[in-house]
Amino acid sequence: MEVNNQKSHFVYDKLNQDIEQLPSKILVVDDDISLRKGLARLLEAEGYRTIEAENGREAIGLVSSGKTDLILLDLMMPEVNGIEVCTLLKSNEETRLIPIIMITAVHEQEEKLKAIHAGVDDFLNKPINIAELRARVKSLLKMKRLNDLLDYSDTVVASLANAIESKDKYTEGHNERVSRFAVELAKVAGLNDKEQEMVRMAGILHDIGKIGIPDNILNKPGALTDDEFTIIKSHPQHGEKILKPLHSLHGVRDVVLYHHERFDGKGYPYGLKGEQIPIYARIVAIADSYDAMTTKRPYRNAYTQNEAIKELETKAGQWWDPELIRLFVDSVLLT
Ligand SMILES: [Fe+2]
Ligand SMILES: [Fe+2]
């Protein structure tokens, strides 16, 4: 267990180091050498790293060969102009989130409209006002850091999910299916997009704590002893610990911790009852149970959909939230 925790701390530290400690790298693109050098010097004095390109072609080459956090882009340049560079970078999945500030002259109003269509993030007029430059660079870099963080959490989620699946050989595809069922149920229960996204991640990660359960117990084909069952039952708390350093997964952590609570208070780890259990965890619990029932296990065959519905309805109110079961059966399964 300790190893996994250390690993997630490591990942988190690495993230902080990448996006907070290393100075951001800004690409300055201008065919006017004195303006370009002047901007680069100014930004370096502010503590940023800079690279320079004297035309659009060179700029595209530099962006594709290394990490760039922000681009200051002259509008009018020979050959490939600023708008073409912007269009190209904003239409590419890899580079579309790099903020671009376009440097324009007052008489270029019409071109400015084109730049907006091309997806430019902000403008700076010549002659450049230094305070304005500082403020724009700072706020766009902040936005870029947040995007990086979100992107990074998605990568972490995907690799954690793979780690659980490779460990628990009886549950291939289970997390993905739980996640899909849970999102469907969240939708018909009226949860908003942000909540649905949280439920999606929680579905994938609900059993992440199984990483901390010994393989011989997790994959034991026969009945479990009481002691073994107690160990299995610790997976929600293990999961919560693993996710603790990832601040952006705060809501997901609660679902991981409470997905084995029961509506009548007889679940684990805390015996929470009814609405004491967060709705996201009540949703994931239904999706999780339904998928487990309809999947073959070493000790039993898979339930048919009708058999599973019967089980869900019989135990609604004991195991699961009866209103959510109604919605799940009528609006998710039987549509
Ligand atoms: Fe579980
Ligand atoms: Fe599960």
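Reader: Which residues does methionine 102 touch, not counting residues up to four places away in sequence?

Author: In this predicted model, methionine 102 touches Leu73, Leu75, Gly82, Cys86, Ala115, Val120 and Phe123. Methionine 102 itself sits in strand β4, which covers residues 100–104.

Reader: Why is methionine 102 called buried?

Author: A residue is buried if 20 or more other C-beta atoms lie within 10 Å of its own. Methionine 102 has 26 C-beta neighbours inside 10 Å, so it counts as buried.

Reader: How far apart in space are methionine 102 and asparagine 192?

Author: From C-alpha to C-alpha they are 35 Å apart, with their positions 90 residues apart in sequence.

Reader: What makes isoleucine 71 a buried residue?

Author: The cut-off is again 20 or more other C-beta atoms within 10 Å. Isoleucine 71 has 27 of them within 10 Å, and therefore it is buried. Its place is in strand β3, residues 70–74. Leaving out residues up to four places away in sequence, isoleucine 71 touches Leu27, Val29, Ile98 and Ile100. Threonine 50 is 21 residues from isoleucine 71 in sequence, and their C-alpha atoms are 9.7 Å apart.

Reader: Is glutamine 318 buried or exposed, and how do you know that?

Author: A residue counts as exposed if 12 or fewer other C-beta atoms lie within 10 Å. Glutamine 318 has 12 C-beta neighbours inside 10 Å, so it is exposed. This residue is found in the loop between α14 and α15.

Reader: Which residues is glutamine 318 in contact with, leaving aside its neighbours within four places in sequence?

Author: Its contacts are Arg262, Phe263 and Asp264. The C-alpha atom of glutamine 318 is separated by 55 Å from that of isoleucine 100, which is 218 residues away along the chain.

Reader: Why are α14 and α15 called roughly antiparallel?

Author: Helix α14 spans residues 305–315 and helix α15 spans residues 322–333; their axes come within 10 Å and cross at roughly 160 degrees. Angles over 145 degrees count as roughly antiparallel. The two helices are therefore roughly antiparallel to each other. The crossing in which α14 passes α15 is left-handed.

Reader: What residues make the contact of α14 with α15?

Author: On the α14 side they are Gln305, Ile309, Leu312 and Glu313, and on the α15 side Ile325, Val329 and Leu333. By class, five of these residues are nonpolar, one is polar and one is charged.

Reader: What makes α13 oblique to α15?

Author: The axes of α13, residues 279–293, and α15 come within 10 Å and cross at roughly 50 degrees. Under 35 degrees would count as roughly parallel, and roughly perpendicular covers 65 to 115. The angle falls in neither range, so α13 is oblique to α15. The handedness of this crossing is right-handed.

Reader: Which residues of α13 and α15 meet?

Author: Arg282, Ile283 and Ile286 of α13 meet Leu324, Ile325 and Phe328 of α15. The contact of α13 with α15 has five nonpolar residues, no polar ones and one charged. Ile325 also belongs to the contact of α15 with α14.

Reader: Why is α8 called oblique to α12?

Author: Helix α8, residues 193–205, and helix α12, residues 250–258, have axes that come within 9 Å and cross at roughly 45 degrees. The limit for roughly parallel is under 35 degrees, and roughly perpendicular runs from 65 to 115. An angle of roughly 45 degrees is outside both, so α8 is oblique to α12. The crossing of α8 and α12 is right-handed.

Reader: What meets what in the contact of α8 with α12?

Author: Met198, Met201, Ala202 and Leu205 in α8 meet Gly251, Val252, Val255 and Val256 in α12. Seven of the residues in this contact are nonpolar, one is polar and none is charged.

Reader: How many helices and strands does the protein have?

Author: The protein has 15 helices and five strands.

Reader: How do you know that the protein is more spread out than a compact globule?

Author: Its radius of gyration is 26 Å, while the globule rule gives 20 Å for 335 residues. The value is well over the rule, so the protein is more spread out than a compact globule. Along the principal axes, its C-alpha atoms fill a box of roughly 75 × 45 × 30 Å.

Reader: What share of the 335 residues counts as buried?

Author: The share is 33%. As for contacts with a separation of 6 or more, 64% come from residues 24 or more positions apart.

Notes. Residues are numbered from 1 along each chain as its sequence is written. Chains are lettered from A and ligands numbered from 1 in the order in which they are written. This is a predicted model: local features need pLDDT of at least 70, side-chain atom pairs count only at pLDDT 80 or more; totals for chains, interfaces and linings use all residues. Axes are lines fitted to C-alpha atoms, for helices over the stretch in contact, and angles run from 0 to 180 degrees between N-to-C directions. Helices (H or I, at least four residues) and strands (E, at least two) are DSSP runs, numbered from the N terminus. A crossing is left-handed if the near helix is turned anticlockwise from the far one by less than a right angle, and right-handed if clockwise. Two residues are in contact if their C-beta atoms, placed from the backbone, lie within 7 Å. Ala, Val, Leu, Ile, Met, Phe, Trp, Tyr, Cys and Pro count as nonpolar, Asp, Glu, Lys and Arg as charged, and the others, Gly among them, as polar. The radius of gyration is taken over C-alpha atoms; the globule rule is 2.2 Å times the number of residues to the power 0.38.
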